[in-house]
Each structure stands twice: as structure tokens, then as C-alpha cells.
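Open the model in your viewer and keep the sequence panel beside it. The stops below say what to select and what is there.

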Amino acid sequence: MKKKNTRHILGLSGGKDSTALAIFMRQEYPNLGIEYFFCDTHKELKETYDYLGRIEDWLGIKIHFLEAERGFDHWLDVYGGVLPSPKMRWCTKQMKIIPLEKWVGDDEVITYIGIRADENRDGYISTKPTITAKFPFKEHGFVKADIIRLLEESGIGMPDYYRWRSRSGCYFCFFQRKYEWVMLAQEHPDLFQKAVEYEQNHRDGRTYTWTQGETLLELLERKDQIIADHEKAMARQAREKPNQSLSDVLEKVLDDEDETLPCLACHL
């Protein structure tokens, strides 16, 4: 039996690093035949879908939208109404990893991942022996400044949601910081309300929250203070390093609030 050719794949999250990697690979290896994919939970921001469309148009590529066989609400029932959390990331497994591994099947695959040389993290979401991970940015010594340059020079730019959140992912992602939740309520009040309903709609009376220690409505009651504290932190960070871009200042301030590393499958 003739051996299959190795497939080359690159996952896009709608974030800056994976987008910059798609630009880099398109420029440096235009004949590699890379297959681009996005694991669609159907719980994404509109800005994410808009950005993915921009990527397709500017790079002239097709993005394969991968979906779980059953949606988020089904898996929420399977897990007994327990909302996903940093300690129980069932959403990543059921809606990202399993659809990806089903898509590649038993093929030999090289997957390209946008972890930068200035990031202290490594690893890959799959343990399948047929999937090999490569990290081009680490290999070429690319840091955040290189990523921003690639995005700017390509004309694709940054996703619009970077005005108020620093990571891609579902609108109710439990890795969001307090300020990002407040801004979700301001930018997308309908989605914020849906996230509230997920907290409230448990048939057996148990209480699960997206953020530790308080419900979203309780958090929203502190909106003015959260925004005021955020603005003070932004001003302080801008004074300390006056040559930073606004997005750099925002990312640093949010990381200072909570630097927990999110799932690589969702936030690159």
C-alpha cells in the first residue's frame, strides 16, 4: 500500500500569534500545502469570525471550520451542568481536541504552532504519535515585536476585540479577567446575558460561576470600581514604559491581574 503524504496543518484561533504564523508560513513556505483550521465552538465573538474572514481574504487561503459532533449545551449536560473551569477544561477536550484529531485521522501530520521565542511555555494539545508539533517562531527567534510587525506589514492588523481583551476564545471563557467581563457586558450585552444564564440555569439548584468567588451579576455591580482600577493601572503602566503601544499596555495590565496561562488550543 502506498504511504500517504505527510499533511501540514496550522490552527487559527482568531488571535494575533496564530495569525502572524499563518502570514509567516505563507511568505516563507508558499508551496508547503498547509491546511488551515479553526475549531468552531459556535460560542465565539462576531469579531473573531470577521477576523478569520479577513485572514482568508488577505492571504488567499481557505480555513477549515471544525466542529464537535454535539454542541456546548450537550456537553454541559453530560458533565452534570458543571461549567468548564481552569481545573476542568472539558470544553477544550470535547470541542477542540477531539474534532481536530478526528479531522486528521491516522494521517502523519506536522502541526505548526505560534508560540514565540519570548514565551516560557511549550507543549501541544495532542498526544497522538502521528502528530508532530513544530514551533517556527521559536526556531527563528521571533518575539512579540516580530509578530506585530508581521501583522502590520501584511495589512491584516489586529482583531478588533484587542481593544478590550487580550486573548481569543469563547465569549464566556473562564480565563477572562474581571475587566474583560465588564467590557463584554458593554460591548456585547446580549452575550454577557447569555453567560449569566449559563450560571443561573441549573435544574438541581447547584451554583457554578464563570469567575471564582462571585457571579457575573455580582461582578457587574462592581463595574465602576473595576473600570477605575483598570484605568489607574493603565496610566501607571504607560508612565513606567512610555514607548509601549496601547495593546501592549492593555496586555501587561491584564496579565498583572491574572497571568494564568490559557489553553493553547484556544488562545494563540
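Start with helix α11, a DSSP run of H or I with at least four residues, numbered from the N terminus. Its 12 residues should span 16 Å at 1.5 Å a residue (1.5 Å times one less than the number of residues), and this agrees with the 17 Å between its end C-alpha atoms. This is a predicted model, in which local features need pLDDT of at least 70 and side-chain atom pairs count only at pLDDT 80 or more, while totals for chains, interfaces and linings use all residues. Residues are numbered from 1 along each chain as its sequence is written, and side-chain values use heavy atoms, with hydrogens and water left out.

Stay on α11 and select Val249, Leu250, Glu251, Val253 and Leu254, its buried residues (under 20% relative accessible area, 1.4 Å probe, protein chains only). They pack against α1 (16-28), α6 (144-154), α7 and α10 (contact means heavy atoms within 4.5 Å).

Next, select Phe72. Beyond its neighbours within four places in sequence, Phe72 is in contact with Lys43, Pro84, Trp90, Met95, Phe172, Tyr198 and Trp210.

Now go to the strands (DSSP runs of E, at least two residues). Select β2 (residues 35-39) and β3 (residues 63-66): they run parallel and are joined by four bridges (strands pair if DSSP finds at least two bridges between them). Between them the chain passes through helix α2 (residues 46-59), in a right-handed β-α-β crossover (clockwise from first strand over helix to second, with the strands pointing away from the viewer).

Terms used
Buried < 20%, exposed > 50% of the residue type's maximum accessible area, 1.4 Å probe, protein only.
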